[in-house]
Amino acid sequence: MDSAFFGTLPQTLQGKTGEVAVTQLPEENEFIGLYFSAHWCPPCRQFTPMLAEFYKNVNKDKKQVEIIFVSSDHNQKDFDDYFATMPWIAVPFDSDNKELLGDQYGIQGIPTLLIFDKKGKLVDQAGRATVMQQNLKAIDSWKAKASA
């Protein structure tokens with residue numbers, strides 16, 4: 001496992017029904033996405049429903065991808081309202097790791113979707129474009145990059 005990736009994530013993430021241990025992620029998923037987004041961002045609000053549809057469809061038969069929401073929202077209520085529209089997990093709103101992750105991966109704008117393999121290797125810096133252009137075939141693209 002790439003400790004640079006897994007080491008920057010908080011040890012527990014916020015799930016829909018409770019906490020999710022970071023150690024579970026590589027066991028249960030081929031790919032892990034970091035989704036940098038915020039409710040106040042119009043392009044984010046446009047892409048989030050597309051990503052949610054992709055997430056549901058790509059995981060329909062077998063869990064392959066987990067997405068971790070990394071919020072740029074200004075307050076807990078906005079985070080909670082926006083996160084409620086998402087089917088995945090999140091870095092808790094009050095976590096210092098949000099800023100660390102943004103700095104570590106040089107996030108300049110949102111929405112940004114980074115895709116990592118289960119070992120924590122970055123396989124797609126332009127995950128948003130890949131999902132928008134390839135939809136469910138994005139997973140094949142990530143598999144090819146991960147094995148290269």
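# Exercises on a predicted model

Tyr35 is buried, with a relative accessible area of 0%. The structure is a predicted model, and the exercises below begin from this residue.

## Exercise 1. The ring partner of Tyr35

Task: Classify the aromatic pair formed by Tyr35 and Trp88, and locate both residues along the chain.

Solution. Step 1: a pair of aromatic rings is described by the distance of the centres and the angle of the planes. Step 2: for Tyr35 and Trp88 the centres are 6.0 Å apart and the planes make 90 degrees. Step 3: planes over 60 degrees apart count as edge-to-face, and the pair of Tyr35 and Trp88 is therefore edge-to-face. Step 4: Tyr35 belongs to strand 3 (residues 31-37), whereas Trp88 is in the loop between helix 4 (76-83) and strand 5 (89-90). The two residues are 53 residues apart, and their pair links distant parts of the chain. Step 5: Trp88, at a relative accessible area of 1%, counts as buried because this value is under 20%.

## Exercise 2. Phe79 and Phe83

Task: Determine how the rings of Phe79 and Phe83 are arranged, and which aromatic cluster holds these residues.

Solution. Step 1: the ring centres of Phe79 and Phe83 are 5.6 Å apart with 20 degrees between the planes, and the pair is stacked. Step 2: because Phe79 and Phe83 are four residues apart in helix 4, about one helical turn separates them. Step 3: both Phe79 and Phe83 are buried. Step 4: together with Phe69, Tyr82 and Phe93, they form one aromatic cluster. Step 5: two lysines can be added to this picture: the charged end of Lys16 sits over the ring of Phe83, 3.6 Å from its centre, and that of Lys98 sits over the ring of Phe93, 4.1 Å from its centre.

## Exercise 3. The largest nonpolar core

Task: Identify which residues touch the most other members of the largest nonpolar core, and which element gives the largest share.

Solution. Step 1: the core has 27 residues, of which Tyr35, Leu51, Phe69, Trp88 and Trp142 touch the most other members. Step 2: two or more residues come from each of strand 3, helix 3 (42-58), strand 4, helix 4, strand 6 and helix 7 (138-147). Step 3: helix 3 provides the largest share, seven residues.

## Exercise 4. The largest pocket

Task: Describe the volume and the lining of the largest pocket.

Solution. Step 1: the volume is about 190 Å³. Step 2: there are 13 lining residues, and Ser71, Ser72, Lys98, Glu99 and Gly102 are the closest to the pocket centre. Step 3: strand 4 (65-71) and helix 5 each supply at least two lining residues, with helix 5 giving the most, three. Step 4: by class, the lining has four nonpolar, six polar and three charged residues.

## Exercise 5. Backbone geometry in two loops

Task: State what sets apart the peptide bond from Ile110 to Pro111 and the phi of Asn135.

Solution. Step 1: most residues other than glycine have a negative phi, and most peptide bonds are trans. Step 2: the bond from Ile110 to Pro111 is cis, with omega near 0 degrees. Pro111 is in the loop between helix 5 and strand 6. Step 3: Asn135, a residue other than glycine, has a positive phi near 50 degrees. Asn135 lies in the loop between helix 6 (127-134) and helix 7, and is partly exposed, with a relative accessible area of 42%.

Key. Residues are numbered from 1 along each chain as its sequence is written. This is a predicted model: local features need pLDDT of at least 70, side-chain atom pairs count only at pLDDT 80 or more; totals for chains, interfaces and linings use all residues. Side-chain values use heavy atoms; hydrogens and water are left out. Rings of Phe, Tyr and Trp (its six-membered ring) pair if their centres lie within 6.5 Å; planes under 30 degrees apart count as stacked, over 60 as edge-to-face and the rest as tilted. Buried means under 20% relative accessible area, exposed over 50%, partly exposed in between (1.4 Å probe, protein chains only). A charge sits over a ring if NZ of Lys or CZ of Arg is within 6 Å of the ring centre and within 35 degrees of the ring normal. On a 1 Å grid over the protein atoms alone, a cavity is a set of points where a 1.4 Å probe fits but cannot get out, and a pocket is an open set with protein on both sides within 12 Å along at least five of seven lines; lining residues have an atom within 4 Å of a point. Grid points are joined across faces, edges and corners, and a volume is the space filled by probe spheres set on the points. Ala, Val, Leu, Ile, Met, Phe, Trp, Tyr, Cys and Pro count as nonpolar, Asp, Glu, Lys and Arg as charged, and the others, Gly among them, as polar. A nonpolar core is a set of buried Ala, Val, Leu, Ile, Met, Phe, Trp, Tyr and Cys residues joined through side-chain atoms within 4.5 Å.
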